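Let's take a walk through this structure together. Keep the sequence and the 3D view side by side as you read.

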Amino acid sequence: MKQKYFDCHFHIIDKKFPVVANQGFMPDAFTAENYLERIKAVELCGGAVVSGSFQAFDQSYLLHALKVLGPTFVGVTQVPQNVSDQELKELDTAGVRAVRFNVKRGGSEDVRHLENFARRVHELVGWHTELYIDSAELADLFATVVSLPAVSIDHLGLSQAGFSTLLKLAEKGVRVKATGFGRVDFDMRPALRELYSANRRALMFGTDLPSTRASRPYQDDDYTLVLETLGEENAANVFYKNAIEFYRPKKVSD
């Protein structure tokens with residue numbers, strides 16, 4: 001069994017553009033061309049380029065990557081909360097569809113601006129908000145997150161400690177990225193089943209390439225694990241239907 005997928009989470013690291021060390025870490029290059037070569041064997045129908053901590057507020061790499069990858073791909077960026085309306089509109093036209101708060105690594109706007117900024121970008125350009133956060137920290141943000149118009153959580157929330165909170169958020173409509181399987185500290189199969197049962201629209205699959213700082217990088221078996229765990233019909237929602245609805249790419253592949 002094989003299904004196409006929309007890769008909802010991967011990074012492009014192009015050293016022609018600004019890259020800064022984060023917590024002493026400097027990533028290796030992984031260009032848009034490197035990415036396309038890595039996933040050439042799969043039936044990809046688009047994806048989301050996600051700004052990492054090591055890119056801070058730089059937009060130049062992202063705009064270039066979106067041009068290379070084409071209109072079935074979108075961007076998830078990091079911008080300061082005082083960014084102008086005009087720049088947000090220009091980024092939206094270029095294919096950016098979300099703002100990211102990197103609570104775990106930094107490099108993004110501070111989470112204290114989450115509520116106001118998430119509402120602003122949604123009202124102005126229809127963007128959703130993405131959180132890279134350990135789920136153990138979600139309990140304190142629960143009321144805020146569920147009140148926002150559109151939110152996703154990276155890498156299944158990373159830890160078992162906050163999984164029950166993540167599950168409650170999924171029930172309330174928060175999206176959850178089935179990404180970074182080498183980052184989490186729990187058994188993937190029951191977690192995927194529980195999240196899918198909580199909300200069939202919540203889960204979205206991604207490769208997390210090139211898996212910077214992960215204890216285990218993405219493997220093609222991660223895809224197979226989702227397919228075997230959820231079954232072909234349910235996995236179609238996780239692989240592309242949910243993400244295409246959420247990310248609204250300019251073009252949808254046939």
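Strand 4, covering residues 96-102, lines up with strand 5, residues 128-132, in the parallel sense, and 5 bridges hold the pairing. Since this is a predicted model, everything here is read off computed coordinates. If you'd like one spot to look at, find Asn102: its bridge partner in strand 5 is Tyr132.

Now zoom out to the sheet that these strands belong to. How many strands does the open sheet have, and in what order? There are 8 strands, and the order is 1-2-3-4-5-6-7-8, with parallel pairing. At the edges sit strand 1 (5-10) and strand 8 (203-205), each of which pairs on one side only. Going from one strand to the next, the twist averages 25°.

Let's step along the sheet, beginning at the strand 1 edge. Strand 1 and strand 2 run parallel and are joined by 3 bridges. Here Asp7 stands opposite Gly47 in strand 2. To get from strand 1 to strand 2 the chain passes through helix 1, and this β-α-β crossover is right-handed. As for strand 2 (residues 44-50), 6 of its 7 residues are buried, so the rest of the structure largely encloses this strand.

On the way into helix 1 there's a residue worth a stop. Thr31 is in the loop between strand 1 and helix 1 (32-38). Is Thr31 buried or exposed? Its relative accessibility is 17%, and buried means under 20%, so Thr31 counts as buried. Setting aside neighbours within four places in sequence, Thr31 is in contact with Ile12, Ile13 and Asp14.

Next comes strand 3. Strand 2 and strand 3 pair in the parallel sense over 4 bridges. You can pick out two of the facing positions: Ala48 stands opposite Val74, and Val49 stands opposite Gly75. Helix 2 (residues 60-69) is the link here, and together with strand 2 and strand 3 it makes a right-handed β-α-β unit.

How many of the residues of strand 3 are buried? The count is 5 of the 5 residues in 73-77, so strand 3 is largely enclosed by the rest of the structure. Look at which way the residues face: Phe73, Gly75 and Thr77 point one way, Val74 and Val76 point the other way, and all are buried.

On its other pairing, strand 3 runs parallel to strand 4, with 3 bridges joining them. Val76 has Ala98 as its bridge partner in strand 4. The pattern of a strand, a helix and a strand turns up here too: strand 3, helix 3 (residues 85-94) and strand 4 make a right-handed β-α-β unit. That brings us back to strand 4, which pairs with strand 5.

Time to turn to a pair of helices. Helix 6 (residues 163-171) packs against helix 7 at an angle of about 30°, and their axes are 8 Å apart. Angles under 35 degrees count as roughly parallel, and that is therefore how helix 6 and helix 7 lie to each other. Helix 6 brings Phe163, Leu166, Leu167, Ala170 and Glu171 to the contact, where they meet Ala191, Glu194, Leu195 and Ala198 in helix 7. Sorted by class, this contact has 7 nonpolar, no polar and 2 charged residues.

Our last stretch starts at the other edge of the sheet. Gly206 lies in the loop between strand 8 and helix 8. With a relative accessibility of 3%, Gly206 counts as buried. Leaving aside neighbours within four places in sequence, Gly206 is in contact with Asp7, Cys8, His9, Ala178 and Thr179. You met Asp7 earlier, standing opposite Gly47 in strand 2. Gly206 and Leu225 are 19 residues apart along the chain, and their C-alpha atoms are separated by 13 Å.

Leu225 takes us to helix 8 (residues 220-230), where the buried residues are Asp222, Tyr223, Leu225, Val226, Leu227, Thr229 and Leu230. What covers the buried residues of helix 8? The cover includes strand 1, helix 7 (188-198), strand 8 and helix 9 (232-247). Right after helix 8 comes Gly231, with a positive phi near 85°.

How values were computed. Residues numbered from 1 in each chain as written. Predicted model: local features only at pLDDT ≥ 70, side-chain atom pairs only at ≥ 80, totals over all residues. Heavy atoms only, no water. Pairing = 2+ DSSP bridges. Axes fitted to C-alpha atoms, helices over the stretch in contact; angles between N-to-C directions. Buried < 20%, exposed > 50% of the residue type's maximum accessible area, 1.4 Å probe, protein only. Contact = heavy atoms within 4.5 Å. Right-handed = clockwise from strand over helix to strand, strands pointing away. Parallel < 35°, antiparallel > 145°, perpendicular 65-115°, else oblique. Nonpolar A, V, L, I, M, F, W, Y, C, P; charged D, E, K, R; others polar.
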